[in-house]
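Here are a few friendly notes to read alongside the model. Take them one at a time, and keep the picture open while you do.

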Amino acid sequence: MNMVELKSTYPLYLNNKASQPNTDLEVTDKFTNEVAFRTALATPDIIEEAIAGAVRATEPMAKMASYERQAVLEHCVTRFRERFDELAYSLCVEAGKPINDAEGEVTRLIDTFKIAAEEATRNYGEVQPLDISARAKGYMGMWKRVPIGPCSFISPFNFPLNLAAHKIAPAIAMGCPFVMKPASKTPLGAIIMGEVLAETDLPEGAFSILPASRDGADLFTTDERLKLLSFTGSPGVGWDLKAKAGKKPVILELGGNAAVVVDKDADLDHALERIIFGAFYQSGQSCIGVQRIIIHEEIYDIFRDMLVAKTKTLVSGDPKERDTFIGPMISLGEAKRLKGWIDSAVDGGANLLCGGGCEGNMLEATLLENVDPSADANREEAFGPMALLTKFTDFNEAMEQVNDSKFGLQAGIFTRDIHKVLDAWDTLDVGGVVVNDVSSYRVDNMPYGGVKDSGLGREGIRFAMEDMSEIRNLVIRRESAG
C-alpha cells in the first residue's frame with residue numbers, strides 16, 4: 001500500500017453536493033488515539049433539507065433508464081479502483097483495521113458496486129395467468145417492481161465501506177434516492193463514496209451523506225417521507241429504531257455470537273486456518289466473527305492445542321504495518337467492556353488458554369474454555385478478539401449448542417458427512433450455514449441476514465433491491481372477453 005496523506009477536514013454531502021457548515025466531528029486514529037481529521041456534523045435542519053431533497057428526487061430517480069443507473073455504478077467501480085490505496089489507508093486510520101483486512105474490504109466495496117451495476121439492468125417482472133375460473137376468462141395480469149421511494153440508511157463502524165455500499169449500491173440500481181448516516185467513529189469511507197457519487201449525473205437530491213450525532217438523527221428513523229429504513233448495528237439500537245420507525249418497512253442487520261462446529265472427520269489444518277481467521281480478523285469486530293468453537297470430544301484436546309499455539313503467533317500492533325493481524329478495538333470503552341467479560345468468565349471458573357491482556361484499546365487475542373453458559377462472554381456478542389471452546393459427543397448435541405443463543409446470523413460446520421450438512425441446514429436456526437468454512441464467510445451477492453435477535457430481512461444486492469421496491473400489478477381485460 002502506498003501511504004496516503006489524509007486531509008485535515010472533510011465535508012458532508014447534502015443533495016449531491018459537498019457542504020462544510022462546520023468541522024464539529026473529531027475522528028481519531030484508533031491506534032494512536034490522536035485526532036486524525038475533522039468532518040462536518042449534520043444538524044437537524046440539514047437532515048430536514050436532505051430528506052426534502054430526496055423527496056424531490058424521487059420521480060427523476062425512478063425515471064432514470066437502467067443503463068443510466070448502471071453507468072453511475074460503473075463510474076464508482078472505476079473510481080474506487082483508482083483510489084484503492086486511499087480507501088484502504090482511511091480504514092487503517094479511522095477504524096484501526098489491519099492493512100490486509102482493509103485492502104480486502106476495498107476489494108469487496110468494488111465487488112459490491114460491480115454486482116449492483118450488473119443487477120441494475122435485471123429488474124424483471126412476471127406475466128401471470130388470471131383465467132383460473134370462468135369469471136376471469138379473457139383477463140391477463142403482469143407485475144413489475146418499482147422503486148419504493150426515499151430511503152434512510154444507518155451504517156456501523158466496523159465495515160465503513162462495504163456495509164455502507166450494501167445500502168447505497170442497490171438503492172442506485174433500483175432508482176431510490178437516499179439519506180445516509182455513517183457511524184460517527186468512522187465516517188470517512190462513506191464521505192469518499194459521496195465524493196465519487198458527486199462526480200456523476202444523478203438527479204439533485206438523489207443522495208445525502210450526513211455524519212450526525214445519535215441524538216440529532218431521529219429524523220432518519222421517524223420522518224414519514226422516508227419509505228424504508230435500513231440499519232446495521234447493535235441489537236439494542238436496532239430494535240429501538242424499529243419501534244420508532246412508524247409505518248415504513250425496516251431492515252435490520254444486527255449482532256451475533258456465531259458458532260462453528262468441528263466434527264471428528266474434519267480436516268484440522270484447514271479448520272485451524274479458517275477458524276483463526278474467523279475469530280480474529282479485523283480484531284474480532286465482525287457480527288459474524290467466530291465466537292463459539294464447538295469441537296468433537298475425540299479431537300478436542302489436539303485441536304485445542306493447535307488453536308492455542310496458532311493464536312499465540314498472531315502479531316498485534318500498528319494496523320498500518322503489513323504483518324499486523326490484531327489491531328486496536330474501536331475504542332477504549334469497548335476494549336474495557338470485553339476485558340471485563342473475560343475476567344468475569346475466569347472468575348466464574350473458565351480456563352484462560354491464552355491472551356486476556358489489555359493495554360489501552362489493544363486487547364490480546366484470547367481463547368477460553370469451560371465458560372459458564374450464562375456468562376456474558378458466551379451469551380452476548382463479544383465483538384472483539386475473543387473465542388470460547390466447548391466440546392460435544394453427538395452431532396445433534398452440537399446443533400443444540402449452536403441454537404442455544406438469542407442470536408442467529410450464520411454458523412460454520414466442518415465435516416465431510418453430507419447427511420450432517422443437510423441436517424444442519426434443516427436444523428440450525430440461523431440465516432446461513434457455511435460448510436467447511438467459518439461463519440464469517442460472505443460473498444456480496446448472496447442473501448445475507450439473520451433471525452431471532454440478529455435482525456430482519458436480507459442484504460445482497462438483488463435481495464436488497466427487492467426490499468427497496470414495491471410490486472405494481474397490471475390487469476388487462478381483452479375487449480372480446482365475456
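**Notes on the fold and a few chosen residues**

1. Let's begin with an inventory: the protein chain has 15 helices and 25 strands. Please keep in mind that this is a predicted model, so treat what follows as a description of that prediction.

2. Now for overall size. Along the principal axes, the C-alpha atoms of the protein chain fill a box of roughly 75 × 65 × 40 Å. Does the chain's spread suit a compact or an extended form? The radius of gyration is 24 Å, and a compact globule of 482 residues would have one near 23 Å, so the two agree.

3. How much of the chain is tucked away? Of its 482 residues, 56% count as buried. The contacts tell us about the chain's path too: among those with a separation of 6 or more, 72% join residues that lie 24 or more positions apart.

4. A record can help you find your bearings. An unreviewed UniProt entry annotates residues 21–473 as "domain: Aldehyde dehydrogenase". Over that stretch the chain is 39% helix and 20% strand, and its end C-alpha atoms are 45 Å apart.

5. Next, try looking at a pair of helices. The axes of helix 2 (residues 66–82) and helix 5 (residues 162–174) come within 8 Å, crossing at roughly 155°. An angle over 145 degrees counts as roughly antiparallel, which means that helix 2 is roughly antiparallel to helix 5.

6. Which residues meet where these helices touch? From helix 2 come Arg69, Val72 and Leu73, and from helix 5 come Ala169, Ile172, Ala173 and Met174. Sorted by character, the residues of this contact are six nonpolar, no polar and one charged.

7. Glu253 deserves a visit, since UniProt lists it under "active site" in an unreviewed entry. You will find Glu253 in strand 12 (residues 250–253). Is Glu253 buried or exposed? Its relative accessibility is 3%, so Glu253 counts as buried. Leaving out residues up to four places away in sequence, Glu253 touches several others, including Phe231, Thr232, Tyr448, Arg458 and Glu459.

8. Here is a small backbone detail to look up. Ser283 is a residue other than glycine, yet its phi is positive, near 60°. Ser283 sits in the loop between helix 9 (268–280) and strand 14 (292–296). With a relative accessible area of 1%, Ser283 is buried.

9. Asn370 makes a good companion to that point. Asn370 is not a glycine either, and its phi is positive at about 60°. Its place is in the loop between strand 18 (366–369) and helix 12 (376–379). Why does Asn370 count as partly exposed? Its relative accessibility is 48%, and partly exposed covers the range between under 20% and over 50%.

10. Finally, please find Ile295 in strand 14. Ile295 is buried, with a relative accessible area of 0%. Setting aside neighbours within four places in sequence, Ile295 is in contact with Val262, Tyr300, Phe303, Leu307, Leu389, Thr390, Lys391 and Phe392. How far is Ile295 from Gly349 in space? Their C-alpha atoms are 20 Å apart, and in sequence the two are 54 residues apart.

Technical notes. Residues numbered from 1 in each chain as written. Predicted model: local features only at pLDDT ≥ 70, side-chain atom pairs only at ≥ 80, totals over all residues. Heavy atoms only, no water. Axes fitted to C-alpha atoms, helices over the stretch in contact; angles between N-to-C directions. Helix = DSSP H or I, 4+ residues; strand = E, 2+ residues; numbered from the N terminus. Parallel < 35°, antiparallel > 145°, perpendicular 65-115°, else oblique. Contact = heavy atoms within 4.5 Å. Nonpolar A, V, L, I, M, F, W, Y, C, P; charged D, E, K, R; others polar. UniProt positions renumbered as here; feature names shortened; annotations may be inferred. Rg over C-alpha atoms; globule rule 2.2 N^0.38 Å. Buried < 20%, exposed > 50% of the residue type's maximum accessible area, 1.4 Å probe, protein only.
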